[in-house]
Amino acid sequence: MQISQEFSERIVDPKAFAAWDPVHDMFTELRRTAPVAKASPEKYDDFWVVTKYADIQHIEKNMSGLFHCGDRTSTLVPLSTEAFMREMTGGMPSLIRSLVQMDNPDHMKLRQLTQAWFMPQNLRKLEERIRSIAKSFVDQMLEKGDECDFARDVAFLYPLHVVMEVIGVPKADEPRMLMLTQQLFGGSDEELNRAGMDNMTAEQANEMLGAVVADFNNYFSAMSEDRRKNPKEDLATIIANAQIDGEPIKFMDAMGYYIIAATAGHDTTSASTAGAMIEAARNPNVFKQIKGDRSKVAGFVEEAIRWETPVKHFMRTATADTEIGGQKIAKDDYIYVSYASANRDEDVFEDPFTFNPERTPNRHLAFGYGPHVCLGQHLARLEMKCIWEEILTRIDSVELTGEPKRMAASFVCGPKSVPIRFNPS
C-alpha cells in the first residue's frame, strides 16, 4: 500500500513534529488504514512506514539477524545527505558510528564495554550525587522568583550536567556540549542550528552536519588522549582504554561512543522532563495527585516518557525477504520504525491520547526493544525521579504562562520552551 504524498512529505517534515498534532493525527490514520505502507517523499528513497506496536516490537526483537541498522543510515535523511556521508567516510552510511549504527557482532562487543556500568545496581552508587544535582537546579528555579522557562532553565541543563559528570566532561565545557547536541539533533530548527537559518539547502545542511561532527571528534579525541595518560573514574576512561578483540578500540568507534553518550545521553531525558512539566502544568490534578502520593512518581515518569517519546524513529533494513504485519517486504527494503506511533497504539494503550500517570501496564517502546534497547534507560528514569521528587517537595503548584514551543526535528526532539509560574512551598 502507498501512503499519500501529503503524508509522505509530512513524515520527513521537522516542522510537523514541532507542531505535534499533525504527525500524531497522521500516525493515527495510518495505524487504522495502512499500518505498513510505503512512503515516497521527494528527495528521499522510498521506505516502508511501520506504525503498529506489535510490528515494531517484531522488528526490534529480530535486529540480530532479520533486520539491520547499519547497512544504511539509521535515521531518515535525504539521498543527497546519505551520499555526502558515504563520500566523507569512504563508504560508511553515517558520519557517526555509534551503538545505534552498529549490527552484531560489533554492536554486542561495544555494548558490553559499559553495559554493567548502566545497570540499576551500579547506578545506585550515583543516586545521592544525582539527587544533589537535582536539588541545585530546583534551587536555581526558586532563585528566579516564581517564573522560569522550565525547558531552558532546568530540563536542558540538569540531565546535561549529570551525563557530563558521568562521562568526565568539565562543567566549563557543558555549554559547548549542549550547543553541539542541539546543532546535531536540531539542525532544521533556526533557533538551534549553528547557522541560525530556516529552510537550509541540502548542501548547507550537509556542511553544518560535517562541522558539528568534526567539533565533537576534535573534543573527544583530545579527551581520549588525556584519559590514556591520566585515567580517572569516569566513562571517558573506559572508552579511551577499551580493547576490542585484543586491539585498542578504533577511532570512529570510540568517537561514536562518546557522541551518543554526550548527546542522546541527556537530550532524550531533557525532552521527557520538559514534556512532563507541560502535562503537570496543564493538569493541576496530576500535579496534586503525585505531590500527595510520592509512590506515584515512578508511574508519572514512565507516562511522561511514553507521552513524549523523544526518539521518534529509527531506520532498519531487511536482510532477507520477509513479512511485516502481513505485508511482503523484500530483501534490502528500507523501513521507518515509528516509536511515536507505537506508543499511541490503541490496541495496546487504553485512551492513548490521555496523559495518565496511573497507566498500568505501561510497556511503551520509547527506549526501543530487544538487542538495541537503550543502554541509558535506567539512568534516565533515575534522573527524572530525582528531579520530580525535589520539585514536588519544594513547589506547591505550577501553571503555564504561555504556549510551549517544540523543536523542529524529526529524529530526536521535544519541547524547547516551557514557560511556567510556580508557587514555592
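The following questions and answers look at aromatic rings, charges over rings and one helix in this predicted model.

Reader: What makes Phe150 and Trp388 an aromatic pair, and why is the pair called tilted?

Author: Their ring centres lie 6.3 Å apart, and since a pair needs centres within 6.5 Å, the two rings qualify. The angle between the planes is 45°, which is neither under 30 degrees, as stacked requires, nor over 60, as edge-to-face requires, and therefore the pair counts as tilted. The structure holds 13 aromatic pairs, and Phe150 and Trp388 also belong to one aromatic cluster with Phe300, Trp307 and Phe355.

Reader: How do you know that the pair links distant parts of the chain?

Author: Phe150 is in helix H8 (residues 150-155) and Trp388 is in helix H18 (residues 377-394), so that the two residues stand 238 residues apart.

Reader: Why is Phe150 called buried or exposed, and what about Trp388?

Author: Phe150 has a relative accessible area of 0%, and Trp388 likewise has 0%; because buried means under 20%, both residues are called buried.

Reader: What makes Arg344 a charge over the ring of Trp307?

Author: The charged end of Arg344 is 4.4 Å from the ring centre of Trp307, which is within the 6 Å that the term allows. Arg406 lies over the face of Trp20, at 3.7 Å from the ring centre.

Reader: How do you know that the length of helix H11 agrees with its number of residues?

Author: Helix H11 (residues 202-229) has 28 residues, which at 1.5 Å a residue should span 40 Å, and because its end C-alpha atoms are 41 Å apart, the two values agree.

Conventions
Residues are numbered from 1 along each chain as its sequence is written. This is a predicted model: local features need pLDDT of at least 70, side-chain atom pairs count only at pLDDT 80 or more; totals for chains, interfaces and linings use all residues. Side-chain values use heavy atoms; hydrogens and water are left out. Rings of Phe, Tyr and Trp (its six-membered ring) pair if their centres lie within 6.5 Å; planes under 30 degrees apart count as stacked, over 60 as edge-to-face and the rest as tilted. Helices (H or I, at least four residues) and strands (E, at least two) are DSSP runs, numbered from the N terminus. Buried means under 20% relative accessible area, exposed over 50%, partly exposed in between (1.4 Å probe, protein chains only). A charge sits over a ring if NZ of Lys or CZ of Arg is within 6 Å of the ring centre and within 35 degrees of the ring normal. The expected span of a helix is 1.5 Å times one less than its number of residues.
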